[in-house]
Amino acid sequence: METHGLDRILREHPFFAGLEEDFCQLVCGCARNVRFDAGQHLFREGEPASEFFLIRQGRVALEIRAPGRGAITFQTVGEGEIVGVSWLIPPYRWTYDAKALEVVRAIGINATCLRDKSESDHDLGYELMKRFVPVLVQRLQATRLQILDVYGSPA
Amino acid sequence: MAAPPEPVLAAPLVDPMLPRVGRVRARRRDAPLVFTLEIEPAEGSLPPFAPGQFNMLTVFGVGEVPISLSGDPARPGRLIHTVRAVGPVSTALSRLDRGDPVGLRGPFGTGWPVEQAAGSDVVVVAGGLGLAPLRPALYQLLAPRRRYGRIALLYGTRSPADILFAREIDAWRRRKDIEVHVTVDHATGDWPHQVGVVTSLISRARFDPARTTALVCGPEVMMRFAIGTLQGAGVASTQIYLSLERNMKCAIGLCGHCQMGAAFICRDGPVFRHDRVRDMLALREI
Ligand SMILES: Cc1cc2nc3c(=O)[nH]c(=O)nc-3n(C[C@H](O)[C@H](O)[C@H](O)COP(=O)(O)OP(=O)(O)OC[C@H]3O[C@@H](n4cnc5c(N)ncnc54)[C@H](O)[C@@H]3O)c2cc1C
Ligand code: FES
């Protein structure tokens, strides 16, 4: 695997901006370049959360399927953002579908590999947590706003 | 280029409590339960207005409510109001037809700081119907375009069907001198744009937080979240403006109906600088 190019791409991605050299090497060892065509799924609800993605190009729709209503998009994620946080928390399964809306180029990070490295190097684990928790908090706040349905008609 | 003269804020009314009569010239449906009315005076001309100001509109026999002006301040002869039918008066307004009479008082209140923002970047954050009171500000920002740095419109609403002024937004999207991002809270498969809450657009827009003026309008919860995100991005509270809503009766600072702390929304607002109302916004219920 060509880790040299990946190393640069990883550092240039906003999610890993400023990551220390040692940590970068560790993360790089779990990473690969991936590409999805428009309409292709990055993953589907219920599947094991074995890989998460740093989006470099293109947009991804996060969808939930509801009986009789088809797929409802609750968020789109684009360049510079990440797709997938369920790999952090047991039972490590996706709770929604992620579908490419156009050609998507991303870095896929093997979740088991990164979990194992974080278990044996807690400094790495803590560094990752500091990067993931703000994303989780943002998504939690967004969900609150969506649940409140603030634009909904009062009728 | 010389700056255009400041609009006259107070209407030269003889008795500010006495509505003059206007007539509906046109009515258009914008979204479910949302209608835009074009109103012309039955006689005489209309006073100029500033972006962000509102009129008190009366449906005779039903009641009177504050409604923002949503048209172009450069064309004051046409009064444009966008109304969402939520209760008795707004529903009656939204059902008016060509030729029907409407009572008019105004324009009232403070406006968006469009003049003061000259030279800075401007970020307009609108949620739902909040785009209506911001549209006059956008018209002014885009008219003498050279006077501003970057301009971004960040608009969030409930679903694709709820997007207001869709054709105009498309036209703005095609311009090179304004960055337009639209997001909806939920969508089905055929929606090609973004899904997510309006605050998620703030990190996508390009602006220099140290020299940015932000104009925010929408439901109060959405404004609180948006202002928090703008501050997180480095925009100072003194550079953020928001428009507040409270029930109104007189609209001229006499009855106290719209009082919020020491401020009367009708007279001191509806547009406020954030640092001046921050403490009141934090209170549970006033
Ligand atoms: C300065 C200012 C500018 C305004 N501009 C506009 C405008 O441009 N367009 C417009 O449609 N409205 C606008 N409003 C809001 C409008 O004046 C109120 O919605 C008004 O109360 C409607 O009167 P009503 O008799 O139809 O309903 P009401 O009997 O007053 O209300 C019926 C129900 O709707 C709820 N409700 C009232 N207002 C809102 C609201 N804004 N959003 C959600 N639920 C609400 C009430 O809690 C109640 O349950 C503005 C208000 C202010 C203070
Ligand atoms: S509505 Fe009477 S004081 Fe504001």
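1. In this predicted model, a convenient place to begin is Val83(A), which, leaving aside its neighbours within four places in sequence, is in contact with Leu42(A), Phe43(A), Phe52(A), Phe53(A), Ile55(A), Val60(A), Leu62(A), Val77(A) and Ala98(A). Val83(A) is also, together with Leu42(A) and Ile109(A), one of the residues with the most contacts inside the largest nonpolar core, which has 43 residues. Apart from that core lies another, of 40 residues, and among its members are Ala205(B), Ala226(B), Val235(B) and Cys258(B). As general background, nonpolar side chains in soluble globular proteins tend to be buried together.

2. A reader following chain A may next look at Ser86(A), whose place is in the loop between β6 (82-83) and β7 (97-100) of that chain. Is Ser86(A) buried or exposed? Its relative accessibility is 11%, and because buried means under 20%, Ser86(A) counts as buried. Not counting residues up to four places away in sequence, Ser86(A) touches Ala49(A), Tyr92(A), Arg93(A), Trp94(A) and Thr95(A).

3. Helix α3 of chain A, which covers residues 111-120, has Ala111(A), Leu114(A), Arg115(A) and Ser118(A) as buried residues. Seen down the axis of α3(A), these buried residues fall within an arc of 100 degrees, and they therefore line one face of the helix. What they pack against is a set of elements of chain A, namely α2 (21-28), β3 (51-57), β8 (104-110) and α4 (122-148). At the start of α3(A), a side-chain oxygen of Asn110(A) comes to within 3.0 Å of the backbone nitrogen of Thr112(A).

4. Turning to chain B, the chain is divided into domain 1 (20-108) and domain 2 (121-243), and the C-alpha centres of these two domains of chain B lie 24 Å apart. The contact between them takes 18 residues from domain 1 of chain B and 13 residues from domain 2 of chain B. About 1,100 Å² is buried between domain 1 and domain 2 of chain B, with carbon and sulfur atoms giving 65% of that area.

5. Between the two chains, the buried area is about 2,000 Å², of which 57% is on carbon and sulfur atoms. Leu145(A), Gln146(A) and Tyr151(A) supply 35% of the area that chain A buries against chain B, which is more than any other three residues supply. The contact between the chains takes 20 residues from chain A and 26 residues from chain B.

6. A last residue to inspect is Gln194(B), which lies in strand β11 (residues 194-195) of chain B and counts as buried, since its relative accessibility is 8%. Which residues does Gln194(B) touch, not counting residues up to four places away in sequence? They are Arg59(A) and Thr76(A) from chain A, along with Val182(B), Thr183(B), Val184(B), Ser200(B), Leu201(B) and Arg204(B) from chain B. With Arg204(B) there is a polar contact, side chain to side chain, at 2.8 Å. The C-alpha atoms of Gln194(B) and His181(B) are separated by 8.0 Å, the two residues being 13 residues apart along the chain.

Note on methods: Residues are numbered from 1 along each chain as its sequence is written. Chains are lettered from A and ligands numbered from 1 in the order in which they are written. This is a predicted model: local features need pLDDT of at least 70, side-chain atom pairs count only at pLDDT 80 or more; totals for chains, interfaces and linings use all residues. Side-chain values use heavy atoms; hydrogens and water are left out. Buried means under 20% relative accessible area, exposed over 50%, partly exposed in between (1.4 Å probe, protein chains only). Helices (H or I, at least four residues) and strands (E, at least two) are DSSP runs, numbered from the N terminus. The arc is that of the directions from the helix axis to the C-beta atoms. Contact means heavy atoms within 4.5 Å. A polar contact is a pair of N or O atoms within 3.5 Å; within protein, one must be able to donate a hydrogen and the other to accept it, and residues adjacent in sequence count only if both atoms are side-chain atoms. A nonpolar core is a set of buried Ala, Val, Leu, Ile, Met, Phe, Trp, Tyr and Cys residues joined through side-chain atoms within 4.5 Å. Domain bounds come from an automatic or database domain assignment. Buried area is the accessible area (1.4 Å probe) that two parts lose on being put together, summed over both.
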